[in-house]
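Got your viewer open? Let's take a walk through the aromatic side chains, one selection at a time.

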Amino acid sequence: MAGRLLPSWAWVSGLTVGAIAAVVALTVQAEHGPHPTAATAGPSASASASPRPHASADPKPSAPPALPDGSGTGRRIVYSVGEKRVWLVDATGHASRTFPVWPGTVNPQPGRYSVTLRIQSLKGSDGVEIEHVMYFTKAEGVNIAFSNALDGSSPPPAGGQKLGGIRMHKQDGAALWSFGDTGSKVAVVK
């Protein structure tokens, strides 16, 4: 058999069988493999008839709440008791950052204060390790301060304790710590 040539029909048959096998393999891969372009494909006719709105009809993410009126002027920290939110306001009156907070059980009265003491870290009155502690007033015999838990968690229910900590997410606590120093103005609004 060595040195023997195959007839031309055998070559054509072999190529045909190989091509059919390749087409079958590609078909199987197309049916079961990943579809990276599926996410960018437009909706089908049946999807268009769906009662769901199109993606363009979805509401856009809402803008952060506006800086409350009557919060003062100049560079300051603004805390809204009702909105449970803090704004960091630069010297031009522009809020450079805003974020939600978890207030304690004792709220400060609306008014103008300043940061009186900063402590890098300590154990809070609720027993949680906290950092970026910035005291600015006292209410009902309780110190009121901004802080964040070292582990970034929100405070547990107070269980009847009088707590004046205004907690925030860890990254917000770091931003507030960088923004405010002893003497920084704090405006508390309703």
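One rule before we start: rings of Phe, Tyr and Trp (its six-membered ring) count as a pair if their centres lie within 6.5 Å. By that rule there are three aromatic pairs in this predicted model.

Select Tyr 79 and Phe 146 to begin. Their ring centres are 6.1 Å apart and the planes meet at 90 degrees, so this pair is edge-to-face, given that anything over 60 degrees gets that label. Now colour by strand: Tyr 79 sits in β1 (residues 76-80) and Phe 146 in β7 (residues 142-149), so the contact joins distant parts of the chain, 67 residues apart. Switch on a surface and check both ends: Tyr 79 is buried at 0% relative accessibility, and Phe 146 is buried at 0% too.

Keep Phe 146 and add Phe 136. This pair is stacked, with 4.8 Å centre to centre and 25 degrees between the planes. Phe 136 belongs to strand β6 (residues 129-139) while Phe 146 is in β7, with their positions 10 residues apart in the numbering. Phe 136 is buried as well, with a relative accessible area of 3%.

Next, add Tyr 113 to the selection. Ring pairs tie Tyr 79, Tyr 113, Phe 136 and Phe 146 into a cluster.

Where do charges sit over rings? Select Arg 75 and Phe 179: the charged end of Arg 75 is over the Phe 179 ring, 3.9 Å from its centre. Then jump to Arg 118 and Trp 177, where the arginine lies over the face of the tryptophan, 3.6 Å from the ring centre.

How values were computed
Residues are numbered from 1 along each chain as its sequence is written. This is a predicted model: local features need pLDDT of at least 70, side-chain atom pairs count only at pLDDT 80 or more; totals for chains, interfaces and linings use all residues. Side-chain values use heavy atoms; hydrogens and water are left out. Rings of Phe, Tyr and Trp (its six-membered ring) pair if their centres lie within 6.5 Å; planes under 30 degrees apart count as stacked, over 60 as edge-to-face and the rest as tilted. Helices (H or I, at least four residues) and strands (E, at least two) are DSSP runs, numbered from the N terminus. Buried means under 20% relative accessible area, exposed over 50%, partly exposed in between (1.4 Å probe, protein chains only). A charge sits over a ring if NZ of Lys or CZ of Arg is within 6 Å of the ring centre and within 35 degrees of the ring normal.
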